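Biologist: Could you take me through this structure, please? I should like to begin with the whole chain and then turn to the ligand.

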Amino acid sequence: MTTPRVIVAGGGIAGLTLAFTLEAEAARLGVAADVLVIEAGHDAGGHARTVGDEGWLVETGPNGFLDREPETMGLVEELGLTHDLVEANPAARRRFVLRRGALCPVPASPPAVLTSRAISWRGKLRLLGEPWAAPPPPHADETVFAFAERRLGREVAEALVDTAVSGISAGDSTALSVRSQFPILVEWEREHGSLFRAMLARRKTATGRARLTSFHGGQGTLTRALADRLGSRMMTGRAITRVARHSGAWQVHMAGGPPMVADHVVFTTPAHRTSAAVRDLDRELADALASIPYSGLAVVALGYAVASLPRPLNGYGYLVARAERLATMGVLWESSIFPGRAPDGAALLRVFLGGARRPDVAGLDEEALTTLARSELVKVMGIADRPIRQHVFRWPSAIAQYTVGHDERVRAIRARLAEHPGLDLCGTACDGVSFNQAIAAARRTARTLAARLAPSSS
Ligand SMILES: Cc1cc2nc3c(=O)[nH]c(=O)nc-3n(C[C@H](O)[C@H](O)[C@H](O)COP(=O)(O)OP(=O)(O)OC[C@H]3O[C@@H](n4cnc5c(N)ncnc54)[C@H](O)[C@@H]3O)c2cc1C
């Protein structure tokens, strides 16, 4: 009997975690598995990489994760990286929102909204009516904005919810489905009839606050450790172009190399890339995948001498409300969040530009992006000096958008996949857009696959 070969398409955190967990789980079950990750880029990690540059540590994508996801913490432990973890500075709980040209502290809880400068008295009064909000329209896939407006009032929906959605997913709250993007809110409403009541009930049972966490060496610590463990079982610089079924096995075609044969193929690539690879195999599957939109964004990381900063960076950073009409979605004060992100006497900011509000921005060149980021920093923070370090990362397909109808799209994708035994999909296209969700989905998929490879399961 030959060892089954599993090809994992994509070497971001999802693909790397899947391959690592599959190998570990197969070993635990005493099953042989020949696992290979194929990654189009020249480095492992996808969006989650860290660039080290003479005392600066610059994240290309996520800067951390919440420590409440047991799968992430389990993975960190299995890799022996627990001692490398670092918690965010508690002062970074303080966040700001740019509204009417001013940076206002974001209220950290519903009662704090009542004393917040970010919301008018009218908005506050309306918010107090949350427990008596109208019920959801029957059978509707409500947008996040419609849900928030119905429950919290228009002002809070515009100033806080729309702004937070842009910051979390680079998305548009008037297009995203609340059921798909924030299922927990729908569940709270269903179970408690009110978000406030749900929060109070949770407070009684909560086991402590989730903490924003990263590694001393940045998020790349995790993706690098996974890639190191995989070693030659990861191939970089090869883009998968097509999969085909041939004589009972999968043929995986790549740009610039001969096809490879596999018993199982798991795609962790963005939906439109997976779509292109399966189009000849199953047009319906390809169309369903291609119908998941992505928003693009650019990250401009700027390092300054602390003396250049007109105000202290006393928090996490700020998000920008839509009405401000800026290309900036938000700015993270990275060196105030985690230690070691900038040399002594310097500070690192990351400016997030574009997203669904300004889809044109991710296509600009590096110079134009830097100029735009700096000009908006002058307006908001008054930073007129030149940066002493800069890095630009452009992500044209940064984050999957779970727009209204996403549930049906995912159902259609899963139904078509069921027709192709040995072909699977895992990652942010369908399993949640966050770093933790990518890891959790990869771990689940790996365990299911390992169990399927076990002889008794056939
Ligand atoms: C700027 C930014 C900031 C973010 N911040 C946060 C945050 O603070 N918190 C959070 O929870 N999440 C955040 N996210 C989301 C987080 O980065 C993702 O959830 C996670 O990194 C997704 O990992 P993935 O492996 O699913 O996808 P990716 O990282 O996109 O990896 C997919 C991989 O597939 C490869 N690939 C593509 N096409 C092919 C092909 N044809 N053949 C082979 N390989 C291919 C790509 O090169 C890539 O390496 C952020 C994302 C971005 C872009």
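Modeller: The turns below treat the chain and then the ligand. This is a predicted model, in which local features need pLDDT of at least 70, side-chain atom pairs count only at pLDDT 80 or more, and totals for chains, interfaces and linings use all residues. Residues are numbered from 1 along each chain as its sequence is written, and side-chain values use heavy atoms, without hydrogens and water.

Biologist: How many helices and strands are there in the protein chain?

Modeller: The protein chain has 16 helices and 20 strands, taken as DSSP runs (H or I, at least four residues, for helices; E, at least two, for strands).

Biologist: And how much of it is buried?

Modeller: Of its 458 residues, 54% are buried, meaning under 20% relative accessible area with a 1.4 Å probe, protein chains only.

Biologist: Now the ligand: which residues come nearest?

Modeller: Glu39, His47, Ile240, Val433 and Phe435 come nearest, out of 29 residues around the ligand; a residue is counted if one of its heavy atoms lies within 4 Å.

Biologist: What lies 2.6 Å from an oxygen atom of the ligand?

Modeller: That is a polar side-chain atom of Glu39, a polar contact (a pair of N or O atoms within 3.5 Å). A backbone N or O atom of Ala40 lies 3.1 Å from a ligand nitrogen atom.

Biologist: How much of the ligand does the protein bury?

Modeller: The protein buries 87% of the 1000 Å² that the ligand exposes when taken alone, by the Shrake-Rupley method with a 1.4 Å probe.

Terms used: A polar contact is a pair of N or O atoms within 3.5 Å; within protein, one must be able to donate a hydrogen and the other to accept it, and residues adjacent in sequence count only if both atoms are side-chain atoms. Buried means under 20% relative accessible area, exposed over 50%, partly exposed in between (1.4 Å probe, protein chains only).
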